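Here is a short tour of one protein chain, written for someone new to reading structures. Keep the picture open as you go and look for each residue when its name comes up.

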Amino acid sequence: MKKLLLMLALGVMTFLTSYAQTRQLSGKVTDTKGAAIANASVIVKGSKVGVNTSEDGSFKLSVPANAKTLVVKSINFSDVEVSIG
């Protein structure tokens with residue numbers, strides 16, 4: 001299986017506090033060559049909070065303030081866990 005390289009733009013990932021108990025994350029899921037991965041699932045580990053990436057691999061997600069890890073899944077790729085923060 002191919003391995004996802006998550007350029008969730010962790011350095012560029014946006015953390016906006018919209019409410020005291022949630023924060024907004026945005027990023028982009030790409031493969032090891034930088035090609036966008038459309039329809040990948042981006043899920044807060046241990047929850048049902050998640051979204052699918054758009055055609056260009058980008059996503060926006062409102063997560064609980066205490067969320068620590070995202071799990072990214074896509075067909076034909078290995079699942080990847082990414083620390084938030």
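V71 stands opposite E81, a residue of strand 9. Strands here are DSSP runs of E with at least two residues, numbered from the N terminus, while helices are runs of H or I with at least four residues. Before going on, note that this is a predicted model: local features need pLDDT of at least 70, side-chain atom pairs count only at pLDDT 80 or more, and totals for chains, interfaces and linings use all residues. Residues are numbered from 1 along each chain as its sequence is written, and side-chain values use heavy atoms, with hydrogens and water left out.

**Strand 7 and its partners**

Four bridges tie strand 7 to strand 9, and the two run antiparallel. Two strands count as paired if DSSP finds at least two bridges between them. On to strand 4 (residues 41-44): four bridges join it to strand 7 (residues 69-73), again in an antiparallel way. Here are some of the bridge partners to look for.

| Residue | Partner |
|---|---|
| I43 | V71 in strand 7 |
| V44 | L70 in strand 7 |
| V71 | E81 in strand 9 |

Is strand 7 enclosed or open? Four of its five residues are buried, so strand 7 is largely enclosed by the rest of the structure. Buried means under 20% relative accessible area, exposed means over 50%, and partly exposed lies in between (1.4 Å probe, protein chains only).

Zoom out a little and you get an open sheet of four strands, in the order 5-4-7-9, with antiparallel pairing. Its edges are strand 5 (50-52) and strand 9 (80-83), each pairing on one side only. From one strand to the next, the twist averages 20°, where the axes are lines fitted to C-alpha atoms and angles run from 0 to 180 degrees between N-to-C directions.

**A closer look at T69**

T69 sits in strand 7. It is buried, with a relative accessible area of 19%. T69 touches I43, V44, K45, E81, V82, S83 and I84, leaving aside residues up to four places away in sequence; a contact means heavy atoms within 4.5 Å. T69 and I84 are 15 residues apart along the chain, yet their C-alpha atoms are separated by 5.4 Å.

**One salt bridge**

How many salt bridges does the structure hold? Just one salt bridge turns up, where the term means a side-chain nitrogen of Lys or Arg within 4 Å of a carboxyl oxygen of Asp or Glu. E81 forms it with K45, and the closest N and O atoms are 3.0 Å apart. This pair links distant parts of the chain, 36 residues apart: E81 is in strand 9, and K45 is in the loop between strand 4 and strand 5. K45 is partly exposed, with a relative accessible area of 47%.

**The nonpolar core**

The largest nonpolar core has 14 residues, and V29, V42, V44, F59, L61, V63 and L70 have the most contacts inside it. Such a core is a set of buried Ala, Val, Leu, Ile, Met, Phe, Trp, Tyr and Cys residues joined through side-chain atoms within 4.5 Å. Strand 4, strand 6 (58-64) and strand 7 each supply at least two residues of this core, and strand 6 gives the most, with three.

**The whole chain**

Overall, the protein chain has zero helices and nine strands. Of its 85 residues, 35% count as buried.
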